[in-house]
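Please open the structure in your viewer and keep the selection tool at hand. The stops below move from one helix to its neighbours, then to the whole chain, and finally to a single side chain.

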Amino acid sequence: MHKRLYVYFVENNFLVDNQFGFKEQQCTSMAVLRLVDHIATEIDRCNFTVGVFIDLSKAFDTIDDYMLLDKLSLYGIRGNSFNWFSSYLTDRKQYVCLKDVKSDTLCVKCGVPQRCILGPLLFIIYINDLVNISNILQVILFADATNIFVSGPDINELCRSVNIELTKLSRWFKLNKLSLNIKKKNNFIVFRSRTKCLSDVPNVLIDGHAIMVESSRFLGVVITAT
C-alpha cells in the first residue's frame with residue numbers, strides 16, 4: 001500500500017518540491033544545499049535573509065486521524081482505498097504492559113502509526129499543504145523540521161513581514177492540531193553580507209514569544225549568521 005500511495009502522489013505531482021523528507025532521491029544534504037544556495041544568492045544580491053527554524057512538539061503523535069482522512073480524500077483517495085486507510089487509522093487500541101501486568105486498553109485517537117513504512121509518508125501528506133499559507137515565504141521541509149525564509153533589502157520590513165507570516169503559520173499549525181515548541185528550539189537568524197550594517201534587529205515573534213539566537217542546528221548542520 002505504501003508503494004501504491006507514493007507512486008500515486010508522485011505521478012500526480014501532489015507532493016511539494018519543498019519537502020525533502022521520506023521521498024525517493026531526496027536526502028538531508030539536498031535540503032541543506034537548497035538552504036545554502038538560497039542564502040548565498042540573496043547575499044550576492046545584497047539582501048538580508050531572515051530565517052526561522054521551527055520545532056514541533058511530538059508532531060507524529062498529534063496528527064488528527066480524521067483530518068488526515070479528509071486530506072487523503074481531497075487528493076483523490078476514494079472507494080476501497082479510502083476504506084482501507086480509514087480502517088487502518090481509526091479504532092486503534094493500545095495498552096501498557098509492565099512485568100506481566102497490563103493496563104486497561106484505550107483507543108488511540110491521534111497520531112500516525114509509527115515504526116511502520118506508511119507512517120512517515122502519511123505525515124508528509126498531512127503537512128503537504130503547509131506551503132500554501134503564504135505567497136512570500138520560502139519553505140524548506142524535512143519531515144517535521146519546518147524552516148522558513150524571507151529576503152529583501154530592508155531588515156525592518158522583513159521582520160514585519162515575517163511576524164505577519166508567522167501568525168498565519170501558527171494558525172495553520174493550530175487548525176491542524178500540531179503544536180509549536182514555543183519555549184525552545186525555535187531559532188531566528190539574520191543572514192547578511194559583511195558589508196551590510198546591522199545595528200538593531202526588530203523582534204520576531206511566535207505566538208507573542210520573541211525568538212533570537214546566533215546559530216541553529218539544521219538537519220545536523222550548525223548554521224550561523226556569519
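**An enclosed helix**

Begin by selecting helix H6, where nine of the nine residues are buried, so this helix is largely enclosed by the rest of the structure. Bear in mind throughout that the model is predicted. The buried residues to display in H6 are Leu 118, Gly 119, Pro 120, Leu 121, Leu 122, Phe 123, Ile 124, Ile 125 and Tyr 126. What do the buried residues of H6 pack against? If you add the partners to the selection, you will find H1, helix H3 (59-62), helix H4 (65-74), helix H5 (79-89) and helix H7 (155-175).

**H1 against H6**

Next, keep helix H1 (residues 2-11) and helix H6 (residues 118-126) and hide the remainder. Two packed helices are described by the angle between their axes and the distance between the axes. Here the axes of H1 and H6 come within 10 Å and cross at roughly 25°. Because angles under 35 degrees count as roughly parallel, H1 and H6 are roughly parallel to each other, and their crossing is left-handed. To see the side of H1 that takes part, select His 2, Leu 5, Tyr 6 and Phe 9, which meet Leu 118, Leu 121, Leu 122 and Ile 125 in H6. Sorted by class, this contact of H1 with H6 comprises seven nonpolar residues, one polar residue and no charged residues.

**The whole chain**

Now restore the full protein chain, whose secondary structure comes to seven helices and 14 strands. Along its principal axes, the C-alpha trace spans about 60 × 45 × 30 Å. Of the 226 residues in the chain, 45% are buried. If you draw the contacts between residues at least 6 apart in sequence, 73% of them join residues at least 24 apart.

**A buried threonine**

For the last stop, select strand E1 (residues 48-54) and then centre the view on Thr 49, which is found in that strand. Is Thr 49 buried or exposed? Its relative accessibility is 1%, and because buried means under 20%, Thr 49 counts as buried. Leaving aside residues up to four places away in sequence, Thr 49 touches His 38, Ile 39, Glu 42, Phe 149, Val 150, Ser 151, Ile 189, Val 190 and Phe 191. Among these neighbours, Ser 151 deserves its own selection, since a polar contact of 2.7 Å joins the side chains of Thr 49 and Ser 151.

Notes. Residues numbered from 1 in each chain as written. Predicted model: local features only at pLDDT ≥ 70, side-chain atom pairs only at ≥ 80, totals over all residues. Heavy atoms only, no water. Helix = DSSP H or I, 4+ residues; strand = E, 2+ residues; numbered from the N terminus. Buried < 20%, exposed > 50% of the residue type's maximum accessible area, 1.4 Å probe, protein only. Polar contact = N/O pair within 3.5 Å; in protein donor to acceptor, adjacent residues only side chain to side chain. Contact = heavy atoms within 4.5 Å. Axes fitted to C-alpha atoms, helices over the stretch in contact; angles between N-to-C directions. Parallel < 35°, antiparallel > 145°, perpendicular 65-115°, else oblique. Left-handed = near helix turned anticlockwise from the far one by under 90°. Nonpolar A, V, L, I, M, F, W, Y, C, P; charged D, E, K, R; others polar.
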